[in-house]
Amino acid sequence: DMATAIETLREAVLERGRLRQIRDMAQQLEHMAHHDALTGLPNRVLLMKTLENRLEHLSASGQPFNVMLLDLDRFKAVNDTLGHAAGDALLVAVASRISSVLGENDMVSRLGGDEFAIIQSVTDDCRADAGALAKRVVHAVSRSFNLEGSDISVDTSIGIACAPDHGTSGTQLLQHADLGLYRAKSMGCGLFVFYEPGMDMAAQHKHALEIDMKSALENREFELHYQPVVNLQSGRIVAYEALARWRHSKLGIITPDRFITLAEENNFIKPLGEWVLAQACTDAMSWPKDIRLAVNLSAVQLGNDDIVPIVDRALETSGFPAERLELEVTETAMLERDSSARALKLLKERGVRLVLDDFGTGYAGLSTLTHVSFDKIKIDREFVSGLPGNPMCSAIVNTIIDMAEQIGLRVTAEGVEDRDQVEALKLSGCDEAQGYYFAEPAPLAHVLKNRAVITPVGKDEFGDTVRSLQETYCPPQKAI
Ligand code: C2E
Ligand code: CA
Ligand code: CA
């Protein structure tokens, strides 16, 4: 009996030991699940749980609190130049600096990368409390760090949302703090910004794009698509218009209406425009000699002093003849400056053709035509889309074509999408047309491989033209 009792006791002791071990392991796992391994700070999971608790507490006792999101300015540079180990050391040091300036009931968590979040208990006034803590954090982080013998300095930007005014769920508070953070970053380093209801995602996306744009050219994310311009009498392709596309690594293809204005705002249009001209001229060198190339120039490009040398360089480097280049500018561009008109005059002297784009939609109207000697005008899609049913559109299109004829300009109709429009334009005596009816813009390789660019017209009177185009312009051996 004694022996059995001892054995049972031994087993029980062992079991207890095992249980304790299991309990310790469970605690460790629990800790790991809620904390960041590098800095030991609470992680996103614990942050979300704490937010939910605080929100419950808020609805029970009315106790408001603040949520702050911060990330480090220039952290990537440290990582890139000093390596990941130094980057990690910096994050640990930053975590400890932030912790040292927190109030007793505040919590800082690391969300990943160089992103941290703070939940701040409010004792007095939400904004005053948040402002005071944000200043302490910015100051603490901005003091230089000594890493592996070198002094490193970084800054932090902070976005702040106050509960309950700025959100009633954890996710919403974080989203709103994030909007504040984006704004803070766009304004400079070391700033904090409170969420405001007007801050919308569109503006934030725009800002994010602006940042990505800076590296996109280097990363070869821009490409050119080409859309044919067809002569309405012969049915032949007489030109291709180069249209820029941005193949964003995360967002996919972005069309120019989303990035050209942005590029103009931050003067990125200069390097981008230079690349477009050089690439398009190089691409067009492989085309048959009677096909022209059209390239768009924005008002900002035209206003830059060096637009003429940039065009010269593109032509020289590629060997593309100036006479086959058409530069498309808008009426608005012409209004901007006298220097634009001067630049166009110089380009014209080189043999380049000038095209007035989007005609009828700008402010300048007919007077533009008297300042610069254009070769061609493009009637905006807005008027073409009303053909043939809308009498006002028909009248405008006819008037433009008549006027152009009288002053010796050619006319291209843009945005032609159906057969009836083609017929109406032919009747009006329009010279050229461009639009999805013939072909959508497509990458160079696709255009050359898929020679039947005006396939949709294939079966009727344009059918013959399609076949002859395939043979005349892009014999298979030349295709790629
Ligand atoms: P845009 O010069 O008026 O170019 C024509 C636009 O209409 C293109 O849009 C084209 O894809 C679209 N389009 C063509 N046919 C049709 C049609 O039948 N129906 C409809 N609904 N749309 C049609 P995309 O490529 O998005 O370009 C938009 C604008 O961005 C261009 O208008 C041009 O002003 C500007 N852009 C494009 N590439 C460049 C560039 O390399 N540099 C500069 N500065 N601006 C560019
Ligand atoms: Ca154009
Ligand atoms: Ca246009």
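Helices (H or I, at least four residues) and strands (E, at least two) are DSSP runs, numbered from the N terminus. The model is predicted: local features need pLDDT of at least 70, side-chain atom pairs count only at pLDDT 80 or more, and totals for chains, interfaces and linings use all residues. Residues are numbered from 1 along each chain as its sequence is written, and side-chain values use heavy atoms, with hydrogens and water left out.

**Exercise 1.** Place the cis peptide bonds at proline 388 and proline 164.

*Solution.*
- Step 1. Leucine 387 and proline 388 are joined by a cis bond with omega near -10°.
- Step 2. Proline 388 sits in the loop between helix H15 (381–384) and helix H16 (391–406).
- Step 3. Alanine 163 is linked to proline 164 by a cis bond, omega about 10°.
- Step 4. Proline 164 belongs to the loop between strand S6 (155–163) and helix H6 (170–187).

**Exercise 2.** State the phi of arginine 220 and locate the residue.

*Solution.*
- Step 1. Phi is near 55° for arginine 220, a positive value in a residue other than glycine.
- Step 2. Arginine 220 is in the loop between helix H7 (201–216) and strand S8 (222–231).

**Exercise 3.** Which parts does the salt bridge of arginine 110 and aspartate 36 tie together?

*Solution.*
- Step 1. A salt bridge requires a side-chain nitrogen of Lys or Arg within 4 Å of a carboxyl oxygen of Asp or Glu.
- Step 2. The count by this rule is 21 salt bridges.
- Step 3. For arginine 110 and aspartate 36, the N to O distance is 3.0 Å.
- Step 4. Arginine 110 lies in strand S2 (residues 107–112) and aspartate 36 in the loop between helix H1 (2–34) and helix H2 (44–61), so the pair ties together parts 74 residues apart in sequence.

How values were computed:
Chains lettered and ligands numbered in written order.
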